[in-house]
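Here's a quick briefing to read alongside the model. We start with a single residue and then step back to the whole chain.

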Amino acid sequence: MEFVPSSAGTAGGTARAQDTGAGPRPEDLERVAANFRQYLLGWGEAERGEGDLDHYRSGLAAATFNGVVRVRTLGAIEQAVKTARVRLAGVPWLWWAGPDSPNGTAEALVAHGGVSLAAMPLMMRRLDNLPGQGKPVPGLHIETVKEPGRLRELVEVYCKSMGLAPGIESDLARIEAQRADNADIVRLAAVLDGQVVGTTTVINAHGISGIFIVHVAETHRRRGVGWALSAAALRIGRERGADFAALIASPAGEPMYRRIGFTAVSRYRLFSMST
């Protein structure tokens, strides 16, 4: 997730893999969706709930960090929308409709006042072979982030890249440091001349290496930093025993991910439901 292929179906559907190999099995997509739910629900410092409505609330003034991951049954959608609006009142938030959402979720959300914001491809690749390092970036090295100061730098880079309002960094760094699933997480920083210029987060869970928060500082884009971060994330996934890597690609990132071996297999649709 950096946080759509025309062949993708509605929310809950699956696009056909576009490479020459076998596409993912339904159970593989289920594991990917579980990995992504873990990532999103991990932001629920103020509140999180799993049941008929899977939702998370950080309390921060940034839509990515508050939202709904899925509703279990389409018949519960009307009540789920009402519940979500109460639980997430006062903060911007998103509804993520992906392969674990029932067919028809997108249409039901629109019928209940939802506004479609984006449709982004869910991409996967096997980890039994890894890409090359790409064009070397002189002086760049990828390091694992563990100490608080570096974590704060990592957060500052992705906040600026995401266009978040200044002042949110301290709270985000605190939530990152206190996530209950940190044993599953590896955070990577691309460092050049002692400064963090790129970030990514890898969550290895459910047999999947989920890649999130791939961001490069504006001053260092289109120089190979994103490739270096992604290649490092794939190596970590394989080292930790995952058989697939998965991510949600932005329009800017999708071409690079295709070159690095990812294939679009489904999509996530994002909705605003705040009114």
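Let's begin at Ser209, which sits in strand β9, the stretch covering residues 208-216. Keep in mind that this is a predicted model. Ser209 is buried, with a relative accessible area of 0%.

**Around Ser209**
- The side chain of Ser209 makes a polar contact with the side chain of Asn204, at 3.2 Å.
- Leaving out residues up to four places away in sequence, Ser209 touches Leu127, Val202, Ile203, Asn204 and Ala233.
- Under that same sequence cut, the list of residues touching Ser209 also includes Gly237, Ala242, Phe244, Ala245 and Ala246.
- So Asn204 turns up twice: as a residue that Ser209 touches, and as the side-chain partner in the polar contact; the buried label for Ser209 follows because its 0% falls under the 20% cut-off.

**Fold and dimensions**
- The protein chain's secondary structure adds up to seven helices and 11 strands.
- What does the radius of gyration of the protein chain agree with? For 275 residues, a compact globule would come out near 19 Å, and the chain's 18 Å agrees with that.
- Measured out along the principal axes, the C-alpha trace spans about 55 × 45 × 30 Å.

**Burial and surface**
- Among the 275 residues of the protein chain, 56% count as buried.
- The protein chain exposes about 11800 Å², and 50% of that is supplied by carbon and sulfur atoms.

**Charge**
- The protein chain carries 31 positive and 28 negative side chains.
- The centres of those two sets lie 3 Å apart.

Methods. Residues are numbered from 1 along each chain as its sequence is written. This is a predicted model: local features need pLDDT of at least 70, side-chain atom pairs count only at pLDDT 80 or more; totals for chains, interfaces and linings use all residues. Side-chain values use heavy atoms; hydrogens and water are left out. Helices (H or I, at least four residues) and strands (E, at least two) are DSSP runs, numbered from the N terminus. Buried means under 20% relative accessible area, exposed over 50%, partly exposed in between (1.4 Å probe, protein chains only). A polar contact is a pair of N or O atoms within 3.5 Å; within protein, one must be able to donate a hydrogen and the other to accept it, and residues adjacent in sequence count only if both atoms are side-chain atoms. Contact means heavy atoms within 4.5 Å. The radius of gyration is taken over C-alpha atoms; the globule rule is 2.2 Å times the number of residues to the power 0.38. Accessible areas come from the Shrake-Rupley method with a 1.4 Å probe; for residues, only the protein chains shown count as cover. Lys and Arg count as positive and Asp and Glu as negative; His and the chain ends are not counted. The place of a charge is taken as NZ of Lys, CZ of Arg, CG of Asp or CD of Glu.
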